[in-house]
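Work through these exercises with the model open beside you. Try each task before you read its solution.

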Amino acid sequence: MQTALFIGLGGFVGSVLRYGAGELIKRAADAAAFPWHTLAINLAGCLLLGLLNGLFEKHGASLHPDLRAALTIGLCGGFTTFSTFAGENIALLRQGSLLPAFLYMAASLLGGLLLFFLAFRFTRGI
């Protein structure tokens, strides 16, 4: 039960951060033409999750499992959003914006994997 509460707290913080970051990015970019806000948030979440996992693997014995769950499952899970990504891709495809949709998919998938991997490797070397 305690772990679930930590995850919930992390999820709350991550969700609020996602909302705030999304609003800032929407103001800076033309979100009507391309979902830059979701791409940036999901890529940042992959980077953060890679950093955390690398740090936890290297220094995990000294960290409480509830803290790890709060930061990875809660914070990163609340911050990133696969469902919004899916909905935005469907909207782009329905509008006939095939190239932007496929670029968004590729940038999200490949960029997310690359950022996670690089962050993980970086923190393992610290």
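**Exercise 1. Describe helix α4 and find its inward face.**

Step 1: get the span. Helix α4 covers residues 82-94, 13 residues in all, and reaches 18 Å from its first C-alpha to its last. That is close to the 18 Å expected at 1.5 Å a residue. The expected span is 1.5 Å times one less than the number of residues. Helices here are DSSP runs (H or I, at least four residues), numbered from the N terminus.

A word on the source: this is a predicted model, where local features need pLDDT of at least 70 and side-chain atom pairs count only at pLDDT 80 or more, while totals for chains, interfaces and linings use all residues. Residues are numbered from 1 along each chain as its sequence is written, and side-chain values use heavy atoms, with hydrogens and water left out.

Step 2: sort the residues. F85, E88, N89 and L92 are buried in α4. Buried means under 20% relative accessible area, exposed over 50%, and partly exposed in between (1.4 Å probe, protein chains only).

Step 3: look down the axis. The buried residues of α4 fall within an arc of 100 degrees, so they line one face of the helix. The arc is taken from the directions from the helix axis to the C-beta atoms. An α-helix has 3.6 residues a turn, so residues three or four places apart point the same way.

Step 4: check both sides. The buried residues pack against α2 (36-59) and α5 (98-125). S83 and R94, on the other side of α4, are exposed.

Step 5: leave the helix. G96 follows α4 and has a positive phi, near 85 degrees.

**Exercise 2. Name the members of the largest nonpolar core.**

Step 1: list them. The 7 residues are F34, L39, L43, F85, L92, A101 and Y104. A nonpolar core is a set of buried Ala, Val, Leu, Ile, Met, Phe, Trp, Tyr and Cys residues joined through side-chain atoms within 4.5 Å.

Step 2: assign them. α2, α4 and α5 each give two or more residues to this core.

Step 3: follow one member. L92 touches, among others, A33, P35 and S97 (contact: heavy atoms within 4.5 Å).

**Exercise 3. Is T123 buried or exposed, and which backbone atoms does its side chain reach?**

Step 1: place T123. It sits in helix α5.

Step 2: read its accessibility. T123 has a relative accessible area of 2%, so it is buried.

Step 3: trace the side chain. It reaches the backbone oxygen of F120 at 3.1 Å and the backbone nitrogen of L55 at 3.5 Å.

Note on methods: Polar contact = N/O pair within 3.5 Å; in protein donor to acceptor, adjacent residues only side chain to side chain.
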